[in-house]
Amino acid sequence: MDHMSPDEIPISQSRHHRRILIWGLIYTLLIAICVVAAYKIGQTFVTHTLPAGSIKLTTSKQTYTLGDEVSFSIHNGFDTAIYVNNSCPQEPLTVYKWNGKTWGRIHDTTSLSQCKDQARQIVVSANSNTNGSYSGWKHLFNKAGVYRLVAVVDNYQGLPYTDFRVVPPTPAVPKITQSQPTQSPTSSQPVAKQPTPLQQQTVKTAGGSIVVQYDATHIYLKSITNNPEYISAATASGQSTLEVKLTSEESQILVQMSMVGGKLTVHTSTSGTGNND
């Protein structure tokens, strides 16, 4: 079989090779143009997120007494407005209560009349505050404990929150009155016996402190400073015995005091309440 020399390769075959090379260069150029165009287009997209700033959630007090109105304030530290969902007649924001181990979400509802003419989103203008209250949700904070409020804001990745306590009211302490000694008008009349001065003692427990005053036969309750998670109760003051109970969701502390031989004796015991959530 005869072989052709390079000089004898047909002209049509040489043109075919050139065509393939040219089209290859064209396709490569088109791919490069598409890649550059896609990059340029991607640079023009704007992500709708908030600029630099902060959002703060606070309450009017750190500690409330049962029955107090709990109010809050949201501060928008951004240069643009923010939006907070309004779920009325459900409670504003998201509310949690600490059960001793974890945070559990709690709910309450108000009457529909409270929601009249309210927008479904609360607008907080740039660099300003908006205030809210739980006055219409009477059963939300009706137990002593630690609570947390959380604000969910549109297009904001953080979860601003604040914690506060609700404590039982301090029981009224009866006033202690002492009889005044009778002044002798003349030296011939007998002088009235001076009252025995009261002594004071403070009894400290895990549930709080109890201050009493006493003489040889009677015990007078002066004050009870219970810890926030405990509720206190006491028997009548001015007797020869006195009992004080400090009760929480998990335990009960019983303090028993009595006058024995003119001396104050104190006995303290602790037991479980069985009322854990």
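This dialogue reads the aromatic pairs and one open sheet of a predicted model.

Trainee: How many aromatic pairs does a search of the whole structure find, and by what is such a pair described?

Mentor: A pair of aromatic rings is described by the distance between the centres and by the angle between the planes. In this predicted model, the search over the whole structure gives 10 aromatic pairs. For Tyr64 and Phe164 the ring centres are 5.5 Å apart and the planes stand at 80°, so this pair is edge-to-face. The pair links distant parts of the chain, since Tyr64 belongs to strand β2 (residues 63–65) and Phe164 to strand β10 (residues 161–167), 100 residues apart.

Trainee: Are Tyr64 and Phe164 buried or exposed, and what is the geometry of Phe141 and Tyr147?

Mentor: Tyr64 and Phe164 are both buried. The rings of Phe141 and Tyr147 have centres 5.0 Å apart and planes at 85°, so they too are edge-to-face. Phe141 has a relative accessibility of 9% and therefore counts as buried, as does Tyr147 at 1%. Ring pairs join these four residues with Phe72, Tyr134 and Trp137 into a cluster, and Lys97 lies over the face of Tyr147, 5.8 Å from the ring centre.

Trainee: In which order do the three strands of the open sheet lie?

Mentor: Strands of a sheet pair through backbone hydrogen bonds, in either a parallel or an antiparallel way. Here the order is β1-β3-β8 with antiparallel pairing, and the edge strands, β1 (55–59) and β8 (128–133), each pair on one side only. Five bridges join β1 to β3 (residues 71–76), where Ile74 is the bridge partner of Leu57.

Notes. Residues numbered from 1 in each chain as written. Predicted model: local features only at pLDDT ≥ 70, side-chain atom pairs only at ≥ 80, totals over all residues. Heavy atoms only, no water. Phe/Tyr/Trp six-rings, centres within 6.5 Å; stacked < 30°, edge-to-face > 60°. Helix = DSSP H or I, 4+ residues; strand = E, 2+ residues; numbered from the N terminus. Buried < 20%, exposed > 50% of the residue type's maximum accessible area, 1.4 Å probe, protein only. Lys NZ or Arg CZ within 6 Å of the ring centre and 35° of its normal. Pairing = 2+ DSSP bridges.
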